[in-house]
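Here are my notes on the model you sent round. I went through the cysteines, then picked out a helix and a loop residue to look at.

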Amino acid sequence: LYSIGCPPDTLLLSLVNVRFLYRFPDKLLVLTVATTETDGFKRFIRSARHFNYTIKVLGRGEKWRGGDYMSMPGGGQKVRLLKSTLEEITEEDKVVLFIDSYDVVFASGPKELLKKFQQVGHKVVFSAENLIWPDRHLEDKHPHVREGKRFLGSGGFIGYAPNLKTMVADWTGKDNESDQLFYTKIYITPEKRKSINITLDSKCRLFQNLYGALDEVVLKFEDGRVRARNVMYDTLPVIVHGNGPTKINYLGNYIPQTWTFETGCTVCDEDQRLLSGLKSEYPLVVIGIFIQQPTPFVSVFFERLFNLKYPKDRLKLFIYNHEPHHEQHVHSFLEDHGTEYRGVKVIGPEEDMDSVTSRNLGFDTCRQDIDCEYFFSLDAEVVLKNTDTLRILIEQNRPIIAPMITRPGKLWTNFWGALSADGYYARSEDYVDIVQGRRVGVWNVPYISSVYLVKATVLRTDLAAEDVFHSEALDPDMAFCRNVRDQDLLTEGCFLSPLQGVFMFVTNRQEFGRMLSTENYKTNHLHNDLWQLFENPLDWEERYIHENYSRIMTEDIVETPCPDVYWFPIFTDIACKHLIEEMENYGQWSGDPNRRHSTCTIQGGYENVPTIDIHMNQIDFDKDWQKFLLDYVAPITEKMFPGYYTQALFDLAFVVRYKPDEQPSLRPHHDASTFTINIALNQVGTDFQGGGCRFLRYDCSITAPRKGWALLHPGRLTHYHEGLPTTEGVRYIAVSFVDP
């Protein structure tokens with residue numbers, strides 16, 4: 001101050017004031033307007049309590065009449081309430097902070113705020129912005145600043161009570177008139193600006209308005225706390241205000257100490273609704289199941305639904321199925337388990353209901369049921385691996401919460417970390433860390449989809465409209481999330497804050513599951529999931545690969561029933577069943593034993609021995625079978641035959657059928673292969689009698705092949721073998737002749 005010409009007596013007085021306010025933070029009174037306790041307000045209060053601010057809430061219980069801030073400016077109700085409250089304050093040295101609450105968090109305490117306020121050297125300090133609003137025609141009348149932001153923001157200001165009284169004394173406007181315009185006209189009038197002694201916090205030392213400043217603010221992690229840092233001015237604002245389509249929810253996930261690297265999430269266990277030890281009945285949940293398109297593994301989806309660890313008599317099912325192909329899956333599930341649930345409602349493809357209507361109807365099913373406490377929305381593409389998912393989400397006790405699900409090997413998830421300026425996807429700075437589990441917690445986000453839990457109280461109040469999924473320009477999920485975010489705008493007048501409605505959360509505190517790919521899913525086969533090895537390899541493996549297969553590489557479970565013949569588990573029972581049924585459904589078995597392989601010979605001049613079979617390429621399964629051999633058989637081959645490497649290229653791959661009255665056996669022969677894979681598809685003693693394989697050179701027979709187990713043996717030269725007679729029933733095997 002001395003260096004810029006401040007007189008010594010003024011300098012001394014300023015230093016005394018700084019020391020006085022710094023030592024007596026009780027001289028500060030924080031005023032805010034909140035007619036309803038929204039999620040944003042609760043966040044504001046939590047940050048205030050963290051720093052021991054004294055908060056007085058104005059307008060509590062009043063109806064908001066200050067406008068919606070969307071179609072036109074508003075906020076006059078706040079000026080009226082402030083004016084009335086200031087009239088009750090008599091202390092000349094009382095400092096008043098007037099701040100919005102629904103979209104505000106404190107980043108530091110009263111001492112720092114008062115110190116920085118006094119250092120400014122003015123009696124009233126307003127927050128500052130890059131953008132002028134609501135009247136752009138007043139731009140030229142704003143004083144120029146040497147550095148920093150030039151335009152006034154009414155969402156936050158601090159000053160001495162007498163000066164603030166003078167500032168609002170002339171307010172006679174209506175509740176829905178613009179508070180920002182009122183304060184702006186005072187500020188741009190030189191006489192009033194000087195007499196009241198108003199200035200702007202142009203470098204964001206006290207207030208950080210986020211609207212128009214997306215690129216200015218980053219998180220600063222230091223000593224177990226988190227601050228917002230303005231990188232343009234290298235300042236640490238005390239108050240962060242998320243006015244506009246900004247990232248206050250993202251910053252609020254951290255500031256002031258919500259999540260740190262030292263502590264992790266500090267609020268994740270607050271206000272939980274614990275179900276363990278619950279003496280009364282569990283909350284009633286309506287589960288909305290949405291099948292909107294041909295989707296792989298729907299039967300598995302219903303298995304996982306049934307396996308959720310939640311009392312069935314406290315669950316009602318709302319099933320929307322738009323696809324005729326999946327009627328069999330819905331019917332099968334309800335036939336087996338429908339009576340175990342408290343209630344079931346099905347909307348089938350014959351009703352021709354669109355997706356938007358079905359989702360609105362699902363919500364309304366819960367709204368109209370006085371016993372319903374939650375609606376759990378679940379799309380059929382969701383692979384919900386965690387059987388405790390529903391309990392976990394209820395216990396988190398958030399208005400709307402989604403479990404994070406991913407797509408393997410990709411950064412795709414069912415949430416967005418941020419929004420672009422036009423309301424579409426934007427990647428937040430922490431998105432990748434959350435997806436990859438380097439940051440774990442419960443995160444306030446602007447968009448969720450596919451699977452989420454909604455409190456019925458939210459459906460009956462904030463989302464009481466019957467058409468929350470409809471939009472002319474947006475898909476249903478985006479329309480829903482926008483309507484959720486906009487609720488406070490419609491009722492509470494948050495200043496240009498489409499991110500401050502009902503809060504939506506996503507949790508990654510546990511592993512929940514993944515999302516299926518529905519691309520390229522065709523329904524022209526009997527068991528179409530067999531063709532999903534490329535699109536959904538993890539789900540294909542879980543469905544079709546034997547549960548003990550993974551032990552082959554780490555444990556000694558491969559058996560050797562004959563010399564250089566290896567026996568190991570490869571297929572599940574359902575894989576065997578589906579492959580048999582697919583072949584029988586195709587039905588074109590090679591009826592003429594001399595027709596099928598008459599032109600195929602192996603090296604050395606031996607003819608192939610024909611069988612009753614259907615080849616993989618006849619059902620368009622050859623590429624999938626090739627990948628199966630490469631991914632699951634080749635590694636075992638390389639383990640059993642060290643130094644041998646194969647790309648698992650097969651010359652022939654087919655399913656053989658043995659029947660006593662058709663082709664019961666196969667005469668001795670060599671295979672046209674370097675090695676052969678022979679997988680038993682059904683069970684001796686149950687499905688057939690007899691059968692098996694005998695290796696003549698070693699006089700060694702395998703007469704009790706196990707369903708889903710594979711025999712791996714050399715094809716040429718050493719392992720001359722025959723198929724033993726099937727005496728009863730039908731035996732099926734899947735055979736592959738593999739060369740390097």
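The points below take the cysteines, then one helix, then one loop residue.

1. A reminder before anything else: this is a predicted model. The disulfide count comes to 3. With bonded cysteines counted along the chain, the pairing runs 1-2, 3-4, 5-6.

2. Start with the link of cysteine 265 and cysteine 268, where the sulfur atoms sit 2.0 Å apart. The angle about the S-S bond is 105°, and the link is right-handed. The two ends are not equally covered: cysteine 265 is partly exposed at 24% relative accessibility, whereas cysteine 268 is buried at 2%. The cut-off for buried is under 20% relative accessible area, so cysteine 265 with its 24% misses that class.

3. Next comes the disulfide of cysteine 366 and cysteine 372, with 2.1 Å between the sulfur atoms. This link is left-handed, at -90° about the S-S bond. Both ends are buried here: cysteine 366 has 0% relative accessibility, and cysteine 372 has a relative accessible area of 1%.

4. Cysteine 562 and cysteine 700 make up another pair, with an S to S distance of 1.9 Å. Their link is left-handed too, with -80° about the S-S bond. What does this disulfide connect? It ties together distant parts of the chain, with cysteine 562 in strand β28 (residues 559-562) and cysteine 700 in strand β36 (residues 700-702), 138 residues apart. Cysteine 562 is buried, at a relative accessible area of 2%. Cysteine 700 also counts as buried, at 13% relative accessibility.

5. Now for cysteines without a partner. Cysteine 481 is in no disulfide, and the nearest cysteine sulfur, which belongs to cysteine 366, is 18 Å away. Cysteine 481 is buried, with a relative accessible area of 0%.

6. Why does cysteine 576 have no bond to the closest cysteine sulfur? That sulfur is in cysteine 693, and at 17 Å from the sulfur of cysteine 576 it is too far for a bond. For scale, the cut-off for a disulfide is a pair of sulfur atoms within 2.5 Å. Cysteine 576 is buried as well, at 0% relative accessibility.

7. On to helix α10 (residues 327-337), whose buried residues are His329, Val330 and Phe333. Looking down the axis of α10, these buried residues fall within an arc of 100°, so they line one face of the helix. The spacing fits the general rule: an α-helix has 3.6 residues a turn, so residues three or four places apart point the same way. On the other side of α10, His331 and Glu335 are exposed.

8. What do the buried residues of α10 pack against? Their partners are two strands that come before α10 in numbering, β14 (284-291) and β15 (315-321), along with α9 (298-306) and β16 (343-347).

9. Last, have a look at threonine 518, in the loop between β27 (513-515) and α17 (537-544). Its side chain makes a polar contact of 3.5 Å with the side chain of glutamine 293. Setting aside neighbours within four places in sequence, threonine 518 is in contact with Gln293, Pro294, Thr295, Pro296 and Glu381. Gln293 therefore turns up in both descriptions, as a contact within 4.5 Å and as the polar partner.

Terms used
Residues numbered from 1 in each chain as written. Predicted model: local features only at pLDDT ≥ 70, side-chain atom pairs only at ≥ 80, totals over all residues. Heavy atoms only, no water. Buried < 20%, exposed > 50% of the residue type's maximum accessible area, 1.4 Å probe, protein only. Helix = DSSP H or I, 4+ residues; strand = E, 2+ residues; numbered from the N terminus. Arc of directions from axis to C-beta. Polar contact = N/O pair within 3.5 Å; in protein donor to acceptor, adjacent residues only side chain to side chain.
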